[in-house]
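Hello,

Here is the structure I promised to pass on to you. Have a look at it first, and then read my notes underneath.

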Amino acid sequence: MMDITEIEEQSALDKIKKGERLDDRGLEDFRDVEVETGVAKKAEGSAEVRLGDTKVIVGVKFGMGEPFPDTPDEGMLMVNAELGPMASPNFESGPPGKDATELARVVDRGIRESEALPLKELCVEEGEKVWKVMVDIHILDYDGNLMDASALGAAKALIEAEIPEYEDGEVKREKTKEFPVNKVPVACTVVKVGDKYILDPSLIEEKIADGMVTVTWTEDELCSLQKRGNGGFTKDELLDIFEIARKKTDGLRKIIE
Amino acid sequence: MKKDKKLLKNGKRIDGRGIGDLREMEAEAGVLERADGSGYFRMGDTEAIAAVFGPRELHPKHKQKPQRGILQCRYNLAPFSVEDRKRPGPSRRAKEIGKVAEGALSSTVFLEEFPTATIDVYMEVITADAGTRCVALNAGAIALADAGIPMKGIISACAAGKIEDTPVLDLKGEEDQGGQVDLPIAMNADTGEVTLLQMDGMTNIEEMDEMLELAIKGCEKVAKKQREALMKTF
């Protein structure tokens, strides 16, 4: 993938002004969403999500650990994201930068705030031993909208996950049982370009964005928001954006349930 | 969500504020000598200092943009700003806040006037009692103006939230811990454009409308305080 030229950016911009897009989608259409599960055999749950050319793998692993002092009777959720160098010529090796950190934390908040996971049930011994739910997001191919792809992959990987038994002080990975997920948080990023809103931005469309808001909905509640990039939104624009995202997340949730 | 203590009684909060009241504010411009611009902001017990350097040459050079400058933010909690000493160095949370702060401030600065340059905004939280990113941004915006950086308007920030099912403005520490929703925003109070928006907690569109309204009114009051501080430097 070459770097994006100004001419490409301009043509994407001209299209959107006319209510069209470079790949002939409607403004609020997603690219084809493909979700595959069981893609990582050693993970207790995994999912691969493809949005057009964007490809993300999410794996869930369970482990035993000491709880945080302020929540001694709750399991722990950890979400990590890596923008590895294979996914884009512009990604470099090394510790997670600002973009990877934001990605992981927005996905984390969607899951955490929706109370999707039964964290209290993941306590084995109060103050001593609790389950750690470790969600790792791996970006394989970056063509825009990592946020929505990753959130969808994380939700699907958790739904698919089976939790190992814990017996005689050991995690028995060969014996597993179903892992209950109470709610399904799904993220939708609404992107403002001029006076138009578009969904599921490609890499080029992300570059020309005047601002974007990632909105995470459960079945019935708004559980996380993150305005990203430069630019600003009026209150009325924001209220419209929450509604647009709500409709779209209802559709996306059906794909993974 | 711990419910051991009532956070609201007859429409009054634990510190006696009404639901739409901000904490007491204090603002000052030009608090540091070496920086090109600096600012101090306090909201209740939360206080932050910010310094601005630049526009100056951006290193490494490959990060330079030929058409415009960039604005970089560092947000940091001082190790002594919280109950248990925080390990020095940037946490994941601090990295993320640095990034959203860049988004919040970049949109108000005329960056096209400074091709290849950077404007660096360093924000240090001295005491944390909730609302640290907002207080840090308020100090940062004062520092940008104090440095003479051309801007479309000043960025002002505050948070709304929900405690005991009631939307309220500007949560303090105990309210934040026992609260259901935290909604920090930053905006250009002159244009009504919200340039930072984060939210976590469970809510719906009607409540969001109410909370946004509270936060927008709050930002307008913050903007007034920031302007007063800047006027005093002349």
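Below is what I found, going from the contact between the chains to the sheets, a helix and the core.

Please keep in mind that this is a predicted model.

**Where the two chains meet**

A good place to start is the contact between the chains: 27 residues of chain B touch 27 residues of chain A. On the chain B side, α1, β11 (193-203) and α4 (205-231) each provide at least two of the touching residues. Strand β11(B) has the largest share, with 11 residues. Sorted by class, this side of chain B holds nine nonpolar, 11 polar and seven charged residues.

The strand β11(B) also pairs with a strand from the other chain. Its partner is β12 of chain A (residues 222-228), and the two are antiparallel, with four bridges between them. If you want a spot to zoom in on, find A:Leu222, which sits opposite B:Thr203 of β11(B).

**The sheet shared by both chains**

That pairing belongs to an open, antiparallel sheet of eight strands, in the order β10(A)-β9(A)-β11(A)-β12(A)-β11(B)-β10(B)-β8(B)-β9(B). Which strands stand at its edges? They are β10 (196-199) of chain A and β9 (166-169) of chain B; each has a single partner strand, so one side of each has no neighbour in the sheet. On average, neighbouring strands here are turned by 20° against each other, direction ignored.

Helix α2 of chain A (residues 98-113) packs on this sheet. The helix touches β9 (186-193), β11 (211-217) and β12 of chain A as well as β11 of chain B, and its direction makes about 165° with that of β12(A).

Within chain B, strands β8 (residues 155-163) and β10 (residues 181-188) pair in the antiparallel sense over eight bridges. There, B:Ser156 faces B:Met187 in β10(B).

**A second sheet, in chain B**

Chain B also has an open sheet of five strands with mixed pairing, ordered β3-β4-β5-β7-β6. Its edges are β3 (25-29) and β6 (70-77), each with a single partner strand, so each has one side without a neighbour in the sheet. Neighbouring strands of this sheet are turned by 15° on average, again ignoring direction. Strands β4 (residues 37-43) and β5 (residues 46-57) of chain B run antiparallel and are joined by seven bridges. B:Ser38 stands across from B:Ala51 of β5(B).

**An enclosed helix**

Helix α1 of chain B (residues 92-106) lies across β6 and β7 (117-127) of chain B, at about 140° to β6(B). The helix has 15 residues and spans 21 Å from first to last C-alpha, close to the 21 Å expected at 1.5 Å a residue. Is it mostly enclosed or left open? 12 of the 15 residues of α1(B) are buried, so the helix is largely enclosed by the rest of the structure. Among the buried ones are B:Ile97, B:Val100 and B:Leu105, along with B:Glu96, B:Lys99 and B:Glu102.

**The core**

Finally, the largest nonpolar core has 142 residues, and those touching the most other members are A:Ala154, A:Val215, B:Ala50, B:Val121, B:Ala139 and B:Ala215. Helix α2 of chain B (residues 132-146) gives the most to this core, 10 residues. For a closer look, try B:Val121: beyond its neighbours within four places in sequence, its contacts include B:Ala50, B:Leu71, B:Leu105 and B:Leu144.

Happy exploring, and best wishes!

Methods. Residues numbered from 1 in each chain as written. Chains lettered and ligands numbered in written order. Predicted model: local features only at pLDDT ≥ 70, side-chain atom pairs only at ≥ 80, totals over all residues. Expected span 1.5 Å × (residues − 1). Buried ≥ 20, exposed ≤ 12 C-beta atoms within 10 Å, placed from the backbone. Core = buried A, V, L, I, M, F, W, Y, C linked by C-beta atoms within 7 Å. Contact = placed C-beta atoms within 7 Å. Nonpolar A, V, L, I, M, F, W, Y, C, P; charged D, E, K, R; others polar. Pairing = 2+ DSSP bridges. Axes fitted to C-alpha atoms, helices over the stretch in contact; angles between N-to-C directions.
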